[in-house]
Amino acid sequence: MSAGGSMRLNRRTGEAWLRWSVRGVTSRPWRTAVQRETTSRYRDPDDPPLFSRSRTGPFLQGRPQLSNPFLEDPLLRRYLRRHLPHPAVFSDLRAFGEKVAGEVDGWGRECEVNPPKLVAFDPWGRRVDDIVTSPAWKRMKDLSAQEGLVAIGYERSFGEWSRVYQMSKLYIYSPSSGLFTCPLAMTDGAAKVFQSLGVPRGVDKAYGRLTSRDPDRFWTSGQWMTERKGGSDVASGTETGAVPQTDGSYRLYGFKWFTSATDADMTLTLARIVGQDGATTPGSQGLSLFYAEVSRDQQGRLKGIEVQRLKDKLGTRQMPTAELLLDGLPAHMLAEEGRGVASIANMLTVTRIHNSVAAVAAMRRVVQLARDYATRRTAFGRLLKDHPLHLQTLARMEVETRGAFLLVMDVCRLLGREETGLATPLETHLLRLLTPVLKLYAAKQAVAVVSEGLESFGGQGYIEDTGLPGLLRDAQVLSIWEGTTNVLSLDVLRCISRSSGQVLQAYFTQTKSLLRAASGVSSLAPAVRTLEGALSALGEFIEEAASRPPSYLELAARDLAYSLARIYMGALLTDQASWEGASQSDTYTALRWCEQDLCPAVTSERGGRYDPSTPPSDAALVYDNEQD
Ligand code: UCC
């Protein structure tokens, strides 16, 4: 008996037409609903996968699309139109933004899924200490040179605004860079240290390479500061010894516990000079600054370095971070003996600014993607963008991002003025104070905004291969490296006391001047009034706090830094909104910004939080060990 059958599936309705033939007689077509009547008969592995779509359903959610980040950022463009309206800058950023949204973003993803590996030994047991990075990571290095991501800051083609231009470019690049912005931060910081020391003989070639646009010449630098005893407390934690050599150079012996972007070509590091009796000077005044190249001998072994292991990190996995044993690393002392911390401080200023650029860029990226997604995702019968509560959440993220953006750009502006010799004493003080304030505040904002941003994708925000969770993991490091929130809060106190309060005077003068500029705009009046009130309350708080013991100030340090940040960001937002080219959204942002507690130092003070009895209460709370 010959028999057979055929079937046609309507994918839209999920119906199938079946037709049977027995002994040459063909049946009429018979319609069935496949979803209802699918049986194991249809799951035969030899069957074509006709039913797989109908089982999972035909709906596929559109993914959030990354578009040119320069064109997607009206505030960046308005800021540049106001301060640096140069066609060459606009066309470069537009073209770079196109590249970033295209191929570069894919390389960034490749860096994440193909993280670096350490090959410690060759197959025959010889040490090779090879940190193997992905091809995409190498492409990022070439791209960074070609695009002048460090060079722009040193070519200074746009004078005092060159830093703003450079950082705008890094801001567009950062979330797609596969964390290559980390070696760029340290490279920039090292070039800055060289320059601040007048580019000493012996490092002029290295300086040329760090600031080169030629991928074949371009070098990156490390910043090896952290040892097992001290990440924050560098002064007492640094054990590395520098043994003088007869030719005036040194050899370094020590253990660096956390060295980021360890595939760098050179590094700056701190060590203590070992005297003939083997003794070293303890504390900060015993620390000197050293320059070392990372090179290999003829057998291919790293000279004076063993890579102990790569760190297994929560995020920033794209970038190799290693523990290094320095075992006679050839090095040269830079700067005066014992001036290590003060000399490397220039590097810290630059890397902290880069850190903040990365923080604001992460916020901007998640907002950009969430905004796009809200036009593609429907829930409860409407697009997400048409749900007022969802839109309110996005607007809050946008306000945070804009405040942080204006602060980071203002600090870049100040850095540019300082480097071109145009900074007034007020601006120099402002740069010193605002750098830690910016770094500590923007990093915390980034974690909050990126975390909120992930939520706006629902469950998809938690799925690895969307690329979204990596944004949060990478944001988490921003408040940790280059000085934690508390270390930077104490740095704020330190720079206030070292300048005998001049940094604060500069802050108050500048904030008042920004508010004065906005005071003629009636729509901004509520914001200006609120900010003036907060500024005056902060002034009273500081006056009162100055007479209190150091323990009081220490407890107030974080809230003080937050107050300085929020009020200054508010003043920048009102100033931006008062510009004749501003948009209505600039005004709205300034008003919304001022709805928050602008001066948490005063709020906490009223609650008695800095009272000398607070620490025991805090301790009792944290170590509450009451037994049931
Ligand atoms: O984490 C690291 C690598 C991560 C990768 C980097 C990429 C980041 C970019 C990401 C983009 C995606 S490296 C480790 C980072 N470590 C830190 O940041 C250390 C944190 N600790 C501190 O900042 C501390 O406050 C110390 C180490 C600076 C404190 O040391 P001292 O010795 O106690 O400091 P002193 O005594 O207060 O200051 C010594 C001198 C003084 O100068 P003189 O002697 O002329 O009065 C200070 O004024 O250094 C000067 N100084 C500063 N100058 C200290 N801090 C500063 C500063 N921030 N700016 C200017």
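Q: What makes the area between domain 2 and domain 3 count as buried?
A: In this predicted model, about 650 Å² is buried between domain 2 and domain 3, and carbon and sulfur atoms give 58% of that area. Buried area is the accessible area that two parts lose on being put together, summed over both, so the figure covers both domains. On the domain 2 side, Ser232, Leu314 and Thr316 lose the most area to domain 3, together 52% of what that side buries.

Q: How do you know which stretches are meant by domain 2 and domain 3?
A: The domain assignment gives domain 2 as 221-343 and domain 3 as 373-382 + 399-612. The assignment also gives a domain 1, at 5-42.

Q: How do you know that residues of domain 2 are in contact with residues of domain 3?
A: Contact means heavy atoms within 4.5 Å. Nine residues of domain 2 meet that cut-off with eight residues of domain 3. The C-alpha centres of the two domains lie 34 Å apart.

Q: How do you know what confidence the predictor has in the chain?
A: The scale of pLDDT runs from 0 to 100, and the chain averages 92. A score of at least 70 is reached by 91% of the residues. Over residues 33-42 the pLDDT is below 50, and this stretch has 17 contacts in the model beyond near neighbours in sequence.

Q: Why is the space lined by Pro69, Asp73 and Tyr171, among others, called a cavity?
A: A cavity is a set of points where a 1.4 Å probe fits but cannot get out, and therefore the name applies to this space. The structure holds two cavities of 30 Å³ or more, and about 40 Å³ of space lies in the largest. The rest of its lining is Ile172, Pro175, Ala361, Arg364, Arg365 and Gln368.

Q: What makes up the lining of the largest cavity, by element and by class?
A: Helix H7 (162-173) and helix H11 (340-373) each supply at least two residues, and H11 gives the most, with four. By class, five of the lining residues are nonpolar, one is polar and three are charged.

Q: How do you know which residues line the second largest cavity?
A: Lining residues have an atom within 4 Å of a point. For this cavity, of about 30 Å³, they are Leu170, Ser174, Thr181, His354, Val357 and Ala358. H11 gives the largest share, three residues. The lining has three nonpolar and three polar residues, with no charged ones.

Q: Why is the space of about 420 Å³ called a pocket?
A: A pocket is an open set of points with protein on both sides within 12 Å along at least five of seven lines, so the name applies to this space, the second largest pocket. Its lining has 22 residues, of which Ile131, Thr262, Asp263, Ala264 and Val294 lie nearest its centre. Strand E6 (127-132), helix H5 (135-146) and strand E13 (305-310) each supply at least two residues. Eleven lining residues are nonpolar, four polar and seven charged.

Notes. Residues numbered from 1 in each chain as written. Predicted model: local features only at pLDDT ≥ 70, side-chain atom pairs only at ≥ 80, totals over all residues. Heavy atoms only, no water. 1 Å grid on protein atoms, 1.4 Å probe; cavity = no way out; pocket = protein on both sides within 12 Å on 5 of 7 lines; lining within 4 Å. Points joined across faces, edges and corners; volume = space filled by probe spheres on them. Nonpolar A, V, L, I, M, F, W, Y, C, P; charged D, E, K, R; others polar. Domains from an automatic or database assignment. Buried area = accessible area lost by both parts, 1.4 Å probe.
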